[in-house]
Amino acid sequence: MPKYYEAGEVLDDNRPCAGLRADLRQCLSESDCMNKEGRSAKECLHVTSSLDQNCRAIANTFFQCKRSLLDNRNRFRGRKGY
């Protein structure tokens, strides 16, 4: 379960997908890719072999949320509730 939803804290960021962005940032900062290998967050996202399964799942959900913002069907269905 993502930590943002467990803590129940309110973010100052009002942009879409803000909760997933915070979860992904937290997961990447705790990963071995950034801590032990010394890579940046952008490099860790491109090198998927060094990320654990949880971070990859959060990254995929975040990218799907961002992609759903460009979908024209949102006019009728509304934004997805990630």
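Okay, hi everyone. A salt bridge, as I'll use the term, is a side-chain nitrogen of Lys or Arg within 4 Å of a carboxyl oxygen of Asp or Glu. Keep that in mind, and keep in mind too that what we're looking at is a predicted model.

So, how many salt bridges does a search of the whole structure find? One. The partners are E37 and R39, and their closest N and O atoms sit 3.4 Å apart. That pair makes the cut because 3.4 Å falls within the 4 Å limit. How covered up are these two? E37 is partly exposed, at 44% relative accessible area, and R39 is also in the partly exposed class, at 29%.

Let me step back to the overall layout. The protein has six helices and zero strands, and reading from the N terminus you just get α-α-α-α-α-α. There are 82 residues, and 27% of them are buried. As for the outside, about 6100 Å² is exposed, with carbon and sulfur atoms supplying 48% of that area. And what about contacts that span the chain? Take the contacts between residues at least 6 apart in sequence: 37% of those join residues at least 24 apart.

Now the inside. The largest nonpolar core has 13 residues, and the members touching the most others are L24, L28, C44, L51 and F62. Which helix gives this core its largest share? That's α5, with five residues. Helix α5 covers 53-68, and both α5 and α2 supply at least two residues each.

Let's pick out C44 from that list. If you skip its neighbours within four places in sequence, C44 is in contact with L28, C33, M34, R39 and L51. You've met some of those names already: R39 is the salt-bridge partner of E37, and L28 and L51 were on the list of core residues that touch the most other members.

F62 was on that list as well, and it brings us to the aromatics. The count here is one aromatic pair. The rings belong to F62 and F63, with centres 5.9 Å apart and planes at 55 degrees, so we call the pair tilted. Buried or exposed, what is F62? F62 is buried, at 10% relative accessibility. Its partner F63 is partly exposed, with 44%.

Staying in α5, have a look at C65. C65 is buried, at 4% relative accessibility. Here's one for following the fold: C65 and L20 are 45 residues apart along the chain, yet their C-alpha atoms are separated by 8.5 Å. C65 also has a link through its backbone, because the side chain of S68 reaches the backbone oxygen of C65 at 2.7 Å, and that is within the 3.5 Å allowed for a polar contact. S68 lies in α5 too, and it's buried, with a relative accessible area of 7%.

There's another serine to show you. Where does S31 lie? In the loop between α2, which is 18-30, and α3, which is 32-35. S31 is buried, at 8% relative accessible area. A polar atom of the S31 side chain lies 2.8 Å from the backbone oxygen of L28. And L28, remember, is one of the core residues we listed.

If you take one picture home, make it this: six helices and zero strands, with a largest nonpolar core that draws its biggest share from α5. Thanks, that's me done!

Key. Residues numbered from 1 in each chain as written. Predicted model: local features only at pLDDT ≥ 70, side-chain atom pairs only at ≥ 80, totals over all residues. Heavy atoms only, no water. Buried < 20%, exposed > 50% of the residue type's maximum accessible area, 1.4 Å probe, protein only. Phe/Tyr/Trp six-rings, centres within 6.5 Å; stacked < 30°, edge-to-face > 60°. Helix = DSSP H or I, 4+ residues; strand = E, 2+ residues; numbered from the N terminus. Contact = heavy atoms within 4.5 Å. Areas by Shrake-Rupley, 256 points an atom, 1.4 Å probe, with all protein chains shown as cover. Polar contact = N/O pair within 3.5 Å; in protein donor to acceptor, adjacent residues only side chain to side chain. Core = buried A, V, L, I, M, F, W, Y, C linked by side-chain atoms within 4.5 Å.
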